[in-house]
Amino acid sequence: MFSLGQRAKGQAIERQAERFLRQQGLKPVTRNYQIRGGEIDLIMLHGEVLVFIEVRYRKHSDYGSGAESVTASKQQRLRRTAEHYLLQNHPSTPDCRFDVVSASGDPIEFEWLQNAF
């Protein structure tokens, strides 16, 4: 369980990641899309491709990068949530991919992994 301080920090990092991705040319669609058992931090368009984005932050690399923390079970939850989003919002399936934005350090630096899984 996360404290309110951790949740607020997580949301602030997600907003910074969104700004970073906008600078790379992506256009926001929605953020924090939730279903029971899953959440997608950001959904954006990169050209014609719909991108489901997981933002992960690690203050220190002692336990690996943020990208390394996206486990197989996390990937499965993201896929289920993306399928729900597509069923609710797109009558025909657009080109899609899953990206991970790994944030670390202070000041925060971003690593953008396209088509991460």
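## A link between helix and strand

Which residue forms a salt bridge with K74? In this predicted model, K74 pairs with E54, and their closest N and O atoms are 3.6 Å apart. K74 belongs to helix α2 (residues 72-89) while E54 sits in strand β3 (residues 49-58), so the pair ties together parts that are 20 residues apart in sequence.

Where do these two side chains lie, buried or exposed? Both K74 and E54 are buried. For E54, the relative accessible area is 2%, and because the cut-off for buried is under 20%, E54 counts as buried. E54 also forms a salt bridge with R56, and there the closest N and O atoms are 3.0 Å apart.

## Salt bridges around helix α1

How many salt bridges turn up in the whole structure? A search finds 5. Besides the pairs at E54, let us look at the one between the side chains of R22 and E18, with a distance of 3.3 Å from N to O. R22 and E18 are both part of helix α1 (residues 4-23), and they are 4 residues apart, about one turn of the helix.

The two partners differ in their surroundings: E18 is buried, at 6% relative accessible area, whereas R22 is partly exposed, at 45% relative accessibility. If you follow the charges onward, you will find E18, R22 and R31 linked in a network of salt bridges.

## The sheet

Now to the strands. What is their order in the sheet? The sheet is open and has 5 strands, arranged as β1-β2-β3-β4-β5, and the pairing is mixed. The edges are taken by β1 (27-35) and β5 (109-113); each has a single partner strand, so one side of each is left without a neighbour in the sheet. From one strand to the next, the twist averages 30°.

As a bit of background, strands of a sheet pair through backbone hydrogen bonds, in either a parallel or an antiparallel sense. Here, β1 and strand β2 (residues 38-46) are paired in the antiparallel sense, over 7 bridges. If you would like a spot to look at in the structure, try T30, whose bridge partner in β2 is I43.

## Helix α2 on the sheet

Which strands does α2 touch? This helix packs on the sheet, touching β1, β2, β3 and β4 (96-104), and the direction of α2 makes about 110° with that of β1. Helix α2 is also home to K74, the salt-bridge partner of E54 in β3.

Terms used
Residues numbered from 1 in each chain as written. Predicted model: local features only at pLDDT ≥ 70, side-chain atom pairs only at ≥ 80, totals over all residues. Heavy atoms only, no water. Salt bridge = Lys/Arg side-chain N within 4 Å of Asp/Glu carboxyl O. Helix = DSSP H or I, 4+ residues; strand = E, 2+ residues; numbered from the N terminus. Buried < 20%, exposed > 50% of the residue type's maximum accessible area, 1.4 Å probe, protein only. Pairing = 2+ DSSP bridges. Axes fitted to C-alpha atoms, helices over the stretch in contact; angles between N-to-C directions. Contact = heavy atoms within 4.5 Å.
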